[in-house]
Amino acid sequence: RRLIQDLAGGRRFLNLFCYTASATVYAAKGGAVGSISVDSSRRYLAWAKKNLLANGVDPDDHELVRADCLKWLRSETGRYGLIFVDPPTFSNSKDRTRVFEVQRDHVELIHLALKHLEPNGALIFSTNYRKFKLDEASLSRLKVESLTEATRPPDFAHRRPHQCWKIAFAGARATRV
């Protein structure tokens, strides 16, 4: 979350699978000029709104959208300087016609999100699926940097709670980490 806060300054922020929008709070505190947080769960979005308000973040500047992230990405036209994607390992939401599996569907998800990334922007992809293997061959035209060690909390020094990458367009100006 601290990484998102550090990267968000002056950028529009997109938070996919936002859960309680804690990443959005950090982006707002880091100076994001606005954001959209997307999740298919009414319950999570209600918590997200409470979380924004509890942290002094104006919901008018940080929109919450109830939608299936993949479908939303296909119809959305906006561009964002920072995108955070933290999908579930597995989801069979009744709003979705196909079961989502992060291992199988991550390349499609990343490519859909990249269509909305500004040229010098950064996409942060994170997963808690312990057996996850990033398909780097399918992302070979991109700059992919592992942030797993840099984002591992000290109390998880000997365990792997998540994996995390920063993805950007090859040739894009470096973003600070």
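Good morning. I begin with helix 3, whose buried residues are covered by elements that include helix 2 (22-29), strand 2 (34-39) and strand 3 (62-66). Please keep in mind that the model before you is predicted.

Which residues of helix 3 are buried? They are Leu45, Ala48, Asn51 and Leu52. These residues lie on the same side of helix 3, because they cover an arc of only 115° around the axis. The general rule is that an α-helix has 3.6 residues a turn, so residues three or four places apart point the same way. The face of helix 3 turned away from the buried side carries exposed residues, namely Arg42, Arg43, Lys50, Leu53 and Ala54.

The length of helix 3 can be checked as well. It comprises 13 residues, 42-54, and at 1.5 Å a residue these should span 18 Å; the C-alpha atoms at its ends are 18 Å apart, so the two values agree.

Next, the two ends of this helix. At its start, a side-chain oxygen of Ser41 comes to within 3.3 Å of the backbone nitrogen of Arg43. After helix 3 comes Gly56, with a positive phi near 70°.

I turn now to the sheet. In what order do the strands of the open sheet run? The seven strands follow the order 3-2-1-4-7-9-8, and their pairing is mixed. Strand 3 and strand 8 (142-146) are the edge strands, each pairing on one side only. From one strand to the next, the twist averages 15°.

How do the helices lie on these strands? Helix 3 lies across strand 2 and strand 3, and runs at about 170° to strand 3. Helix 2 lies across strand 1, strand 2, strand 3 and strand 4, and runs at about 170° to strand 1.

Helix 2 deserves its own description. Its buried residues are Ala23, Thr24, Val25, Ala27 and Ala28. Among the elements that cover them are helix 1 (2-7), strand 1 (12-16), strand 2, helix 3, strand 3 and strand 4 (80-85). Helix 3 is thus part of the cover of helix 2, and helix 2 is part of the cover of helix 3. Just after helix 2, Gly31 has a positive phi of about 100°.

Let me return to the edge of the sheet formed by strand 3. Glu63 is a residue of this strand. Is Glu63 buried, exposed or partly exposed? With a relative accessible area of 42%, Glu63 is partly exposed, because buried means under 20% and exposed means over 50%. Leaving aside residues up to four places away in sequence, Glu63 touches Ser35, Ile36 and Ser37. Of these partners, consider Ser35: Glu63 and Ser35 are 28 residues apart in sequence, and their C-alpha atoms are 6.1 Å apart in space.

At the other edge is strand 8. Strand 8 pairs with strand 9 in the antiparallel sense, over five bridges. Within this part of the sheet, Ser146 stands opposite Trp165 of strand 9.

Strand 9, residues 163-169, also contains Gln163. The relative accessibility of Gln163 is 6%, so this residue counts as buried. Which residues does Gln163 touch, not counting those up to four places away in sequence? They are Phe125, Ser126, Thr127, Tyr129, Arg130, Phe132 and Thr148.

To conclude, I would recall two residues of the sheet: Glu63 in strand 3, which is partly exposed, and Gln163 in strand 9, which is buried. Thank you for your attention.

Conventions. Residues are numbered from 1 along each chain as its sequence is written. This is a predicted model: local features need pLDDT of at least 70, side-chain atom pairs count only at pLDDT 80 or more; totals for chains, interfaces and linings use all residues. Side-chain values use heavy atoms; hydrogens and water are left out. Helices (H or I, at least four residues) and strands (E, at least two) are DSSP runs, numbered from the N terminus. The expected span of a helix is 1.5 Å times one less than its number of residues. Buried means under 20% relative accessible area, exposed over 50%, partly exposed in between (1.4 Å probe, protein chains only). The arc is that of the directions from the helix axis to the C-beta atoms. Contact means heavy atoms within 4.5 Å. A polar contact is a pair of N or O atoms within 3.5 Å; within protein, one must be able to donate a hydrogen and the other to accept it, and residues adjacent in sequence count only if both atoms are side-chain atoms. Two strands pair if DSSP finds at least two bridges between them. Axes are lines fitted to C-alpha atoms, for helices over the stretch in contact, and angles run from 0 to 180 degrees between N-to-C directions.
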